[in-house]
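Student: I would like a close look at a single part of this model, followed by whatever can be said about the surface elsewhere. Please take it slowly and connect the pieces as you go.

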Amino acid sequence: METLWFMIVAVMVAAYVVLDGFDLGAGVIYLGVAKTAAERQAIMRAIGPVWDGNEVWLLAAGGTLYFAFPLLYASSFSGFYLPLMIVLWLLMLRGIGIELRAHMDNPVWRGFFDFVFCASSALLTIFFGAALGNVVRGVPLGEDHYFFEPLWTNFRVGSDNGILDWYTVLTGVIALVTLTAHGSLYVAIKTESDLNRHARAVAQWAWPFQLILTIVGLIATVSIRPGVLDNYKHHAVGFLIPVVVFGSLAVMMHAMLKRADKIAFVASAFYIVGMLVGAAFALYPVVLPASTGPARNLTIYNTAAGHYGLSVGFVWWILGMILALGYFVFLFRMFKGKVRMGGEGY
C-alpha cells in the first residue's frame, strides 16, 4: 500500500504540473506575446474556464499527501513554511489579477492587474521548480525528522542548505523555461492569426534552452546526489524514462516546425511527466532525502499512515477520481476549439 500511495501522489503532482502548468505558462508570456487589449483578452478566455479547476489538483495532491504520509506532510510543511507562504500569496495574487482586471474599464487598472497576473505566474513556476530541487537535493533533517531552512545561506550545496542555492535556482529556471513553452503551445492551440504565431515562436525560442537545461540539470543532479542512479542500475526499465524525455523534446520541435500545435503540446506534456516520473523513480522509496545523512531519510515506510486506513482510503480515492476525471473531460470538451471573442466574461 505504501508503494501504491507513493505512485498516486506522484500521479496527482504530475497532473497538476501538466494542467496548471499551461495556464501558468500562459501567464508568463501574457505581457510579451499579447500586444493589444484584444489579444490579452483572448489569452484570458483561453485559460479562463479551466485555470481555477486546474489548481484543484494542487489541493488534492496536498490532501492526499496528508492522508497517506502524515509525517512527511508535517515535516515538509513546517520546514518549508516560508516558501509555502510565498507560494500561497502568489496563488492569491494570480487569482486576483485574473478576476479584478475586468472590473474597471481603465488602462491603469487593467495594466496593474495584468502585471500582477504575469509576475505571479512567473514567480510561481520558479518556486515550484525550486521546491522540486529541494526534494531531490535533500534537506537538513534532524533526529526528530523536522528541519528548518532559511531562504538562502551561501548558495552552495551541502549539509547547511538554504531553500535557494545554485542547484535549486537551476531547477527553478528549468521549470520556468519548460512551463513557458508548455503555456505557449496551449495559447497557440486556442488562438489564431498573429497571437497564434507569436505564441508558437516563443515555444520555438524556448526549445533550445529547454534541451540544454535538461542535460545540464541531469548532470548537476548526478553530481550532487550520485545515489539517484541506484534504482536505474537495479531496474533497467528505468532507462526508458530518459528515452521518453528526449523523444518528447524531438517530437515537440518537429511538430512546431510543422505547425502541429496539438501534437507539440501533447509532447510537452509527456516531457513534463517524464521528468517528474524520472525524479520519483530515482528517489523511491525515499520521499524526502536528508542532507545530514541517509539514516535520517524520510521514506514511504517510516512516514506512511496505517495499512487499514490506506486500504479504505484507496476505495474512496477511486470514487473521487472518477468524479474529478468526469468533470475535467466535460469541461475541456465544452470549451474545446479556438477562442471566440463575442459576448462577455472570459
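**A close look at Met92 and beyond**

Tutor: The model is a predicted one, and Met92 is a suitable place to begin. Met92 is partly exposed, because its relative accessible area of 37% falls between the 20% limit for buried and the 50% limit for exposed. Met92 sits in helix H6, which covers residues 81-100, and it belongs to a nonpolar surface patch whose other members are Tyr81, Met85, Leu88, Trp89, Leu93 and Ile96. Taken together, the residues of this patch present about 670 Å² of accessible area.

A charged counterpart can be described in similar terms, for Lys262, Arg333, Lys336 and Lys338 form a positive patch on the surface. Of these, Lys262 is placed in helix H12, running over residues 261-283, and Lys262 counts as exposed because its relative accessible area is 63%, which is over the 50% limit.

Thr303 offers a contrast to these surface positions, since at 2% relative accessibility it is under the 20% limit and so counts as buried. Thr303 lies in the loop that joins strand E2 (298-299) to helix H13 (307-334). Once neighbours within four places in sequence are set aside, the contacts of Thr303 are with Ala68, Phe69, Pro70, Leu71, Leu72, Val287 and Leu298. As for Gly25, which is 278 residues away from Thr303 along the chain, the C-alpha atoms of the two residues are 34 Å apart.

Technical notes:
Residues numbered from 1 in each chain as written. Predicted model: local features only at pLDDT ≥ 70, side-chain atom pairs only at ≥ 80, totals over all residues. Heavy atoms only, no water. Patch = residues over 30% accessible without salt bridge, like charges linked within 9 Å, V, L, I, M, F, W, Y side chains within 5 Å. Areas by Shrake-Rupley, 256 points an atom, 1.4 Å probe, with all protein chains shown as cover. Salt bridge = Lys/Arg side-chain N within 4 Å of Asp/Glu carboxyl O. Lys, Arg positive; Asp, Glu negative; His and termini not counted. Charge placed at Lys NZ, Arg CZ, Asp CG, Glu CD. Helix = DSSP H or I, 4+ residues; strand = E, 2+ residues; numbered from the N terminus. Buried < 20%, exposed > 50% of the residue type's maximum accessible area, 1.4 Å probe, protein only. Contact = heavy atoms within 4.5 Å.
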